[in-house]
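Trainee: Please take a close look at a single part of this structure, and then place that part among some features found elsewhere.

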Amino acid sequence: MIFKIGRDFALELDREDSLSRFRESFFIPKHTDGTESIYLCGNSLGLQPRQTKAYLNQELDDWARLGVEGHFHAANPWMPYHEILTETTAHVVGAKAHEVVIMNTLTTNLHLMMVSFYQPKGKRTKIIIEADAFPSDRYAVASQVQFHGYDDKEHLIEWTPRAGEHTPRIEDLEKLLKEQGDSIALIMVGAVNYYTGQFFDLKKIASIGHAAGAMVGFDCAHGAGNVDLELHDSGADFAVWCTYKYMNSGPGSLGGCFVHERHANNKDLPRFTGWWGHNKDTRFKMRDDFEPIYGAEGWQLSNPPILSMVAIRASLDLFAQAGFKNLREKSIQLTSYLEYLVGELDGDRISVITPSTPKDRGCQLSLAVKNADKSLFDAITAKGVIADWREPDVIRVAPVPLYNNYEDCWRFVDVLKSEL
């Protein structure tokens, strides 16, 4: 599509957008002047669906009315509640239903996965991560290395960009594996890098990792609900994600977990266990030795917090109505439009460090600010932009296709232009 600069063109695109109605399904935060804020921060915290409160009230009412009997007799029985989320979650992340489960939180799930899939032995003891991994990933991975008695300074290997570049190249990962492949036990990278917004080729990474004899896992916190992860087809051994960013489940909500089906019934894999991962048919007999459920559910620990799952369901229902393929198509055009508008700004103070090809990014654009001191970010915030600042010099903006529109993009760039 050929884009144009003016606001009228943005409004025309919004009128033609078949998904525009979903914006009304969310609460848009208000600026101090009472107008809608320009909310471009779904990569950090998704907005609240309007139906979330009603979904929550249903469970609160059932709890008040039924007490413990709500596990079996609530309108949505709590005992199997997590199963309500499975089909849509699997569709969003590109997996089979028995390969996914909503449980725990992101880093907890990452640790649980590394218990199973990071098994250092002999010379094969190292983990590869991307150089600018999200800090929580780095802390988790480093602590696993230390737990097994190794020095993370030597056994944590970084996949780095080339000099003068912002994003690492897949051929450099291949080179790294050729040089050190027989010492690599696990490759664990963020599917979409939090800082640059780069979407990695998951299938390629899994293929070259497995060819070198390593396990492969992904942190999909910035990918789930954003890009076509296609986790099953990627061949990854595992993946983890949160649901409070693009999946709009509320601050600190539960995470998700993927375990490829080739591991679904492998009882020889070490794992930390809890009773919710035990065979459902005998779970309440209480005396049996642990027998894991087939698939990702077998990694569950405790019975889940229903009120948090309710908020996930409220958002997933909107995903199901919109269709993830449709959302991804809109996302590509929406982000391309934003990129076009940013590219039309005068001067060289703003540059986009996110890859320019849609297949290599989601909806996030990372804008590097020349000679940054955060003053520009503070100025656009004062004018109603809700975005995200990351040290040392990046403003992250993410037009989310479920609730952002083309006018949001135009308004953001108009504010940015006025402050430049």
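Mentor: A polar contact is a pair of N or O atoms within 3.5 Å; within protein, one of them must be able to donate a hydrogen and the other to accept it, and residues adjacent in sequence count only if both atoms are side-chain atoms. The model is predicted, so local features need pLDDT of at least 70 and side-chain atom pairs count only at pLDDT 80 or more, whereas totals for chains, interfaces and linings use all residues. Residues are numbered from 1 along each chain as its sequence is written, and side-chain values use heavy atoms, with hydrogens and water left out.

The part chosen is helix α12, residues 306-322. Helices (H or I, at least four residues) and strands (E, at least two) are DSSP runs numbered from the N terminus. The 17 residues of α12 should span 24 Å at 1.5 Å a residue, and the 24 Å between its end C-alpha atoms agrees with this; the expected span is 1.5 Å times one less than the number of residues. Of these 17 residues 13 are buried, so α12 is largely enclosed by the rest of the structure. Buried means under 20% relative accessible area, exposed over 50%, and partly exposed in between (1.4 Å probe, protein chains only).

Ser-315 belongs to α12 and is buried, at 0% relative accessibility. Its side chain makes a polar contact with the backbone oxygen of Met-247 at 2.7 Å. Apart from neighbours within four places in sequence, Ser-315 is in contact (heavy atoms within 4.5 Å) with Pro-49, Met-247 and Asn-248.

Leu-307, also found in α12, is by contrast partly exposed, with a relative accessible area of 39%. Together with Leu-60 and Trp-63, Leu-307 forms a nonpolar patch on the surface, with about 300 Å² of accessible area in total. After α12 comes Gly-323, whose phi is positive, near 85 degrees.

Elsewhere, Gly-384 offers another buried position, with a relative accessible area of 4%. Gly-384 lies in the loop between α14 (375-382) and β11 (385-386). Beyond its neighbours within four places in sequence, Gly-384 is in contact with His-31, Ser-37 and Ile-38. From Gly-384 to Asp-408 there are 24 residues in sequence and 11 Å in space, C-alpha to C-alpha. Asp-408 in turn is linked with Arg-23 and Glu-36 in a network of salt bridges. A salt bridge is a side-chain nitrogen of Lys or Arg within 4 Å of a carboxyl oxygen of Asp or Glu.

The whole structure holds 22 salt bridges. One of them joins Glu-174 and Lys-204, with the closest N and O atoms 3.7 Å apart. This pair links distant parts of the chain, 30 residues apart: Glu-174 is in helix α9 (residues 170-180) and Lys-204 in helix α10 (residues 202-211). Glu-174 is partly exposed at 27%, and Lys-204 is partly exposed at 33%.

Lys-370 and Asp-348 form another salt bridge, with the closest N and O atoms 3.0 Å apart. Here too distant parts of the chain are linked, 22 residues apart: Lys-370 is in the loop between β10 (365-369) and α14, and Asp-348 in the loop between α13 (324-343) and β9 (350-352). Lys-370 is partly exposed, at 42% relative accessibility, while Asp-348 is exposed, at 54%.

The salt bridge of Arg-396 with Asp-388 has its closest N and O atoms 2.6 Å apart, and both Arg-396 and Asp-388 are buried.

Key:
Patch = residues over 30% accessible without salt bridge, like charges linked within 9 Å, V, L, I, M, F, W, Y side chains within 5 Å. Areas by Shrake-Rupley, 256 points an atom, 1.4 Å probe, with all protein chains shown as cover.
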